[in-house]
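Open the model in your viewer and keep the selection panel at hand. The tour below moves from stop to stop.

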Amino acid sequence: MNEKHHITIHHIKLYKLSKIKQKQLEYFLKNWNKAIRSALKIVKHWGFTSYTKSHKHTYRVSRNNFNLPSQVAVEANRKAIETYKSAENAEFHRQVEVSLVNNKGFELVNKDGRYIAKIPIEGRKSIYCPLAFGEYQLNKIENPNYKLKTAKLYKYNDEWYLDLIMEYNQPKRETDTILGIDLGIVKLATFSIIDSKENILHQECMSGQELRFKRMRYKHKRKAKARSSGSKATSLIAENRLCKELNFKIANRIVELADKHNSLIVFEDLKNIRKNVTNDNNLNNYEKNSWAFYQLKQLIKHKADLLGIPYQDINPKDTSQICSVCGKKGFRLSQNRFLCDNLHLQNADFNASINIAKRAI
Ligand SMILES: [Zn+2]
């Protein structure tokens with residue numbers, strides 16, 4: 001059975017820390033921050049973009065000057081490279097949490113049913129800190145589907161925390177129905193749920209009207225103020241936020257329905273989307289090149305993974321040109337209506353979404 005990985009993060013408090021341990025953690029956090037700042041200076045100075053090239057330069061400094069444990073020094077180098085790659089002039093502006101890797105100096109130890117974090121703090125020295133687990137987190141720690149990958153150590157309001165970053169493998173479920181999604185510009189997503197005998201169980205459509213309208217407005221705004229880069233960036237951000245909001249709404253609805261009907265989710269392969277919409281003369285280039293579909297698909301996949309709902313990409317060739325009732329060719333009478341050679345008149349988007357679902361049978 002096909003499995004999917006995804007990441008969950010659990011914030012865990014370290015509790016009943018002695019004064020000595022708190023001091024040790026404080027010292028460790030300070031050294032880590034000094035080390036990553038030094039490492040970043042080195043990386044910038046040489047213009048390094050690979051871990052291996054910068055490693056021998058930063059590692060020695062982290063070890064000798066800041067007494068970081070060996071595995072943590074490796075992470076300091078990684079942190080510096082990642083930061084430098086994100087932007088050449090990037091800086092660490094605030095205190096940065098310590099990166100720890102499971103089974104590399106850091107680990108969770110189960111002692112008499114209680115979990116204790118082994119934290120490497122300096123040189124070869126580690127300390128053991130009890131963790132305040134809730135029932136919820138405990139279930140995940142002990143669930144074999146969850147694997148602890150990394151952890152972040154930080155201080156907040158005088159308390160110490162570990163963020164445990166876990167990878168989760170949710171086995172995919174067996175499905176009874178198929179949910180086909182037709183992606184479009186005017187109607188962002190039209191979907192149909194069919195059973196194995198091709199009976200239609202549910203149909204729904206989510207319009208992109210609001211997005212389309214606002215997007216046009218932003219576009220005009222951008223053109224008008226093309227020379228002022230500040231306003232350009234602002235309206236782009238606003239537009240992206242709006243798009244994301246809408247995509248969240250659609251993704252939630254689709255996954256909710258797929259869960260309820262125990263459906264396999266079927267998408268069009270996105271490589272073909274642009275080709276399909278170019279036939280529509282009402283659209284301008286700006287809209288055709290939208291990345292919104294990609295984002296929507298990613299959101300649906302992510303939410304589906306959490307519930308073990310499977311999905312599949314199909315080649316959408318002809319899905320908007322053939323009749324979902326008889327399979328004969330047809331054409332769009334208008335934006336909404338589709339008519340086949342056997343005179344089946346249908347809603348064009350629903351017709352396409354059924355065809356997409358049927359491809360997966
Ligand atoms: Zn027909």
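## Stop 1: a helix pair

Select residues 51–64 and 70–86. These are helix 2 and helix 3, which pack at an angle of about 125° with their axes 9 Å apart. That angle makes helix 2 oblique to helix 3. The crossing of helix 2 and helix 3 is right-handed. Bear in mind throughout that this is a predicted model.

## Stop 2: two hairpins in a row

Next, select residues 107–111 and 114–122, which are strand 3 and strand 4. The two run antiparallel and are joined by five bridges. Two residues lie between strand 3 and strand 4, and together these strands form a hairpin. Click on D112 in the turn: its phi is positive, about 50°.

Now add residues 125–132, which are strand 5. Strand 4 pairs with strand 5 over six bridges, in the antiparallel sense. Strand 4 and strand 5 also make a hairpin with two residues between the strands. Here G123 has the positive phi, near 50°.

Stay on A117 for a moment. Which residues face A117 in strand 3 and strand 5? L108 stands opposite A117, and the bridge partner of A117 in strand 5 is C129.

## Stop 3: the zinc site

Select the zinc ion. Which residues coordinate the zinc ion? The donors are C323, C326 and C340, each through SG, and H344 through ND1. They sit at 2.0 to 2.3 Å. In sequence, the donor residues follow the spacing C-x2-C-x13-C-x3-H.

Check the geometry next. The four donor atoms subtend angles of 102 to 115° around the zinc ion, so the arrangement is tetrahedral. For reference, the ideal angle for four tetrahedral donors is 109.5 degrees.

Now turn on the surface and pick out two of the donors. Is C323 buried or exposed? With a relative accessibility of 1%, C323 counts as buried. C326 has 30% relative accessibility, so it counts as partly exposed.

## Stop 4: the sheet by the donors in sequence

Select strands 13, 14 and 15. They form an open sheet in the order 13-14-15, with antiparallel pairing. Strand 13 (330–332) and strand 15 (345–347) are the edge strands, each pairing on one side only. On average, neighbouring strands of this sheet are turned by 25° against each other, direction ignored.

Zoom in on strand 13 and strand 14 (residues 337–340). Three bridges pair them in the antiparallel sense. Finish on C340 in strand 14: G330 stands opposite this residue, and its SG is one of the zinc donors.

Terms used: Residues numbered from 1 in each chain as written. Predicted model: local features only at pLDDT ≥ 70, side-chain atom pairs only at ≥ 80, totals over all residues. Heavy atoms only, no water. Donors = N, O, S within 2.8 Å, 3.2 Å for Na, K, Ca; no water. Tetrahedral: all angles 85-135°; square planar, octahedral: opposite > 155°, others 65-115°. Buried < 20%, exposed > 50% of the residue type's maximum accessible area, 1.4 Å probe, protein only. Pairing = 2+ DSSP bridges. Helix = DSSP H or I, 4+ residues; strand = E, 2+ residues; numbered from the N terminus. Axes fitted to C-alpha atoms, helices over the stretch in contact; angles between N-to-C directions. Parallel < 35°, antiparallel > 145°, perpendicular 65-115°, else oblique. Left-handed = near helix turned anticlockwise from the far one by under 90°.
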